[in-house]
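Here's a walk through the contacts in this two-chain model, from charge pairs to aromatic rings. Have the structure open while you read.

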Amino acid sequence: MKRTSLWRNGFFGVAALLFAVVMAVSAGTAIAAKENVVKIGNIIPLSGPSASVGVQNQYACDLATEMINNAGGIKSLGGAKLVNIYVDSKSDPTVGVSSAEQLINNDKVNILSGCWNSAVTYPTTQVAEKYGIPFIVPVSVRNTITERGFKYIFRIAAKDAWWARDQFKFLDDMQKSRNVSLKTIAFVYENGDWGVGMAEQWKPLAAQYGYKIVLDEPYPSTSSDLTPVALKIKKANPDVLLLTSNASDAILLNNTMAEMKVKVKAIVGTGGGHADPMFRKNCGKNAEYMFDVVEWETDLGKAGIPEVNAEFKKRHGYDLAGESVDAFASVFVIADALERAASLDPKKIRDALAKTKLCSGPGMIVSYDCVEFDETGQNKNAGIVMVQYRMIGDSLERVSVWPESAARKGFKTVFPMP
Amino acid sequence: MDTILQGIVNGTLIGSIYGLAALGLTLIFGVIKVINFAHGSCLMVGMYAAYWAVKLLGIHPYLAMVIVVPALFFFGYLMQDIVIKPVLKAQSDVREPTEVIIVTTGVWYILDNVTLMIFGAEYRVIQTSISGKIFELGDLIISKPKFYGFIATIVVSLALVWFLKYTKMGKSIRAASLDREAASLMGINQYRVYNIAFGIGTAIMGVVGCALIPFYYVFPTVGVIFDVKCFIIVVLGGLGSIPGALIGGVIVGLIESMGAQFMTSTWTELIVYVVFLAVLFVKPAGLFGSKLDW
């Protein structure tokens, strides 16, 4: 008897709850349908090891969206407002894929964006391609994302091949101009898609430039202790150390190497964790003189940067990073395409995106002149800057040093690292 | 040769800290027969407590234990009393209450996400007076915070063993863990014993938190990194066994540290699991687990 009544109560309770939920959801969609909005589904890591960069991404998108909406929204769509829907990918590819399905089928988003981690972006973009929904990739750099002949995928950031190419170009430049001989090289990278992809680019380049690879070490980003990795670097004693790290491991590895007194002539990072403002805050002097490849820096002499950065810093207490700028610019690229498409038909948005040539406006605080996509959907102008970490006063700053044209005035590259 | 010795030293030191973290888990299991899935989150709470104590009061991280450890004790005590006890009572005729596992999993998610809401996803590292400090013996480099963590492990384990052996409460805890009904008949309030055992298990996480923050960063899901390790260590050493947790911790630390000298560190995780399975195969109760029970 007891069991039946419990079942009944339970059943009615659940039924009532379901009813309430259905009502609420349908009410919500009814309101949404009446409002003139364009929905952007953002799949980014908001918890887990990449959460801090994911959140920065979100903040940057919010700021850009607010700027566009305050300026009147999408005029060709009757002043339609952009609305961001954020879904936490947890840096997990399967979550990314299921979120994309949900955003497309349930939330009926018009455009997708994400996913920061290349490992998540790679399968998730496949879902967007299947449904024919335009997908903007602000930061995931793995080459193959735009090399599958997809029509609906557009990437703002440079491919990892370009990052690797410029890392080696920089080292070569330094060898020649500073008369430093660099013979041996070590690769240390997180063992996800991104790190492994970078290492694949590095190997042929190392051969081409005549380096001897003395260490090739993928490591798990979620390690609780990176002393073993630091010890291996010390033992291999390379001239150059190339790193690809996510945020938490970048901090841990850097501080552990300092503790273990690892000395190399040049440490070069690959953005990501090394570009995270948390890295600067948490490493301080331990990271001084290290180099990092970025797409963007606060000290670049481009109009609009100081204002946007000041506003961002006012809200969140830290500077924009290269990746947040890509996310920021991506919203303006979307707005520009929508303006030209003058329609919410995914095919028309896609065609407008393919014809993008965005060179001015408040969103163009990127380091290069224009956003333009080639036939694979890759932004062909994405450029790269080398920065060096320097202590200025009490804080660690990123100073643009290479190419010479982008270098901050009054600073000289310190090479090799002391 | 140097790196081998260095690896052994580092593996032992970091392994002992893993062991200390696993100690709380093994104690709670040994007494209440509950696998506390919120264990990593308790560690996270301990680390945040230590972080804010050092940051706001400007005190030495080890001095912060004076505040953090009692705070974590009450945190664990109340968690057991308010959240877990009702479920335990509802299942009082079951020997190993499985529903509690679901409850602790819920606590884990709630704690992690509430922390994410309050403190945000960012990584926090605090520069303390011993962060990055080292002892140098010839070429051998020993990290001071890890060394003190090792000392803390020894002190806490000895204190715990003494407490369980010689105090009245300790004896009650052991009695309740052996047979909760017989213990109740002898006049032991089993739920009070559980509260205290849970409190102690959590208080140990306060010690670990204070030992970790000079060299490790804090973020809302930091517990997950240590959680999996703790479970492996506890099962490897034998569920409910105190020396088992410590030795298990050192074994895992050594495998991670030494394995990486011979292969990429991606593979050392595999070795940990292979050793884990091999031990279970040969000795299903774990290294120090008795066949019967604790």
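Which side chain meets that of Asp319(A) in a salt bridge? It's Lys313(A), with an N to O distance of 3.6 Å. Keep in mind that this is a predicted model. Asp319(A) is buried, since its relative accessibility of 12% falls under the 20% limit. Lys313(A), at 41%, counts as partly exposed. In chain A there's also a network held by shared salt-bridge partners: Glu66(A), Glu311(A), Lys314(A) and Arg315(A) are joined in it.

**Salt bridges**

Over all chains, the count of salt bridges comes to 26. Here are some of them, with their N to O distances.

| Acidic partner | Basic partner | N to O distance |
|---|---|---|
| Asp172(A) | Lys176(A) | 2.8 Å |
| Asp225(A) | Lys146(B) | 3.3 Å |
| Asp319(A) | Lys313(A) | 3.6 Å |
| Asp239(A) | Lys265(A) | 3.7 Å |

Take Asp172(A) and Lys176(A): both belong to helix α5 of chain A (residues 160-178), and being 4 residues apart there puts about one helical turn between them. In an α-helix there are 3.6 residues a turn, so residues three or four places apart point the same way. Lys176(A) is exposed, with a relative accessible area of 63%.

The bridge between Asp239(A) and Lys265(A) is a different sort of link. Asp239(A) sits in the loop between α7 (227-236) and β8 (240-244) of chain A, while Lys265(A) sits in the loop between α8 (247-259) and β9 (266-269), so the pair ties together parts 26 residues apart in sequence. As for accessibility, Asp239(A) is buried at 14%, and Lys265(A) is partly exposed at 30%.

**Where the chains meet**

How many residues of chain A are in contact with chain B? There are 36 of them, and they touch 35 residues of chain B. About 2,900 Å² is buried between the two chains, with carbon and sulfur atoms giving 56% of that area. On the chain A side, Ser224(A), Leu231(A) and Glu259(A) supply 22% of the area that this chain buries against chain B, more than any other three residues.

The interface also has 3 salt bridges across it. The bridge from Asp225(A) to Lys146(B) joins the two chains. Lys146(B) has another contact too: its charged end sits over the ring of Phe215(B), 5.3 Å from the ring centre. Chain A has a contact of this kind in Arg142(A), which lies over the face of Tyr122(A) at 4.5 Å from the ring centre.

**Aromatic pairs**

Searching the whole structure turns up 29 aromatic pairs over all chains. One of them is Tyr123(B) with Tyr217(B): the ring centres are 5.6 Å apart and the planes are at 85 degrees, which makes the pair edge-to-face because that angle is over 60. The two tyrosines come from distant parts of the chain, 94 residues apart. Tyr123(B) is in the loop between α4 (99-119) and β1 (134-137) of chain B, and Tyr217(B) is in the loop between α8 (190-212) and α9 (222-237). Tyr123(B) is buried at 1% relative accessibility, and Tyr217(B) is buried at 1% as well.

Another edge-to-face pair is Tyr191(B) with Tyr194(B), whose ring centres are 6.0 Å apart and whose planes are at 85 degrees. Both lie in helix α8 of chain B, 3 residues apart, or about one turn of the helix. Tyr191(B) is buried with a relative accessible area of 15%, and Tyr194(B) is buried with 1%.

Tyr123(B) and Tyr217(B) also belong to an aromatic cluster, together with Tyr18(B), Tyr216(B), Phe219(B) and Phe226(B).

**An enclosed helix in chain A**

Is helix α11 of chain A largely enclosed or largely open? It's largely enclosed by the rest of the structure, because 18 of its 20 residues are buried. Its length also works out: at 1.5 Å a residue, the helix (residues 322-341) should span 28 Å, and its end C-alpha atoms are 28 Å apart, which agrees. Just after α11(A), Ala342(A) takes a positive phi of about 50 degrees.

Note on methods
Residues are numbered from 1 along each chain as its sequence is written. Chains are lettered from A and ligands numbered from 1 in the order in which they are written. This is a predicted model: local features need pLDDT of at least 70, side-chain atom pairs count only at pLDDT 80 or more; totals for chains, interfaces and linings use all residues. Side-chain values use heavy atoms; hydrogens and water are left out. The expected span of a helix is 1.5 Å times one less than its number of residues. Buried means under 20% relative accessible area, exposed over 50%, partly exposed in between (1.4 Å probe, protein chains only). Rings of Phe, Tyr and Trp (its six-membered ring) pair if their centres lie within 6.5 Å; planes under 30 degrees apart count as stacked, over 60 as edge-to-face and the rest as tilted. A charge sits over a ring if NZ of Lys or CZ of Arg is within 6 Å of the ring centre and within 35 degrees of the ring normal. Contact means heavy atoms within 4.5 Å. Buried area is the accessible area (1.4 Å probe) that two parts lose on being put together, summed over both. A salt bridge is a side-chain nitrogen of Lys or Arg within 4 Å of a carboxyl oxygen of Asp or Glu.
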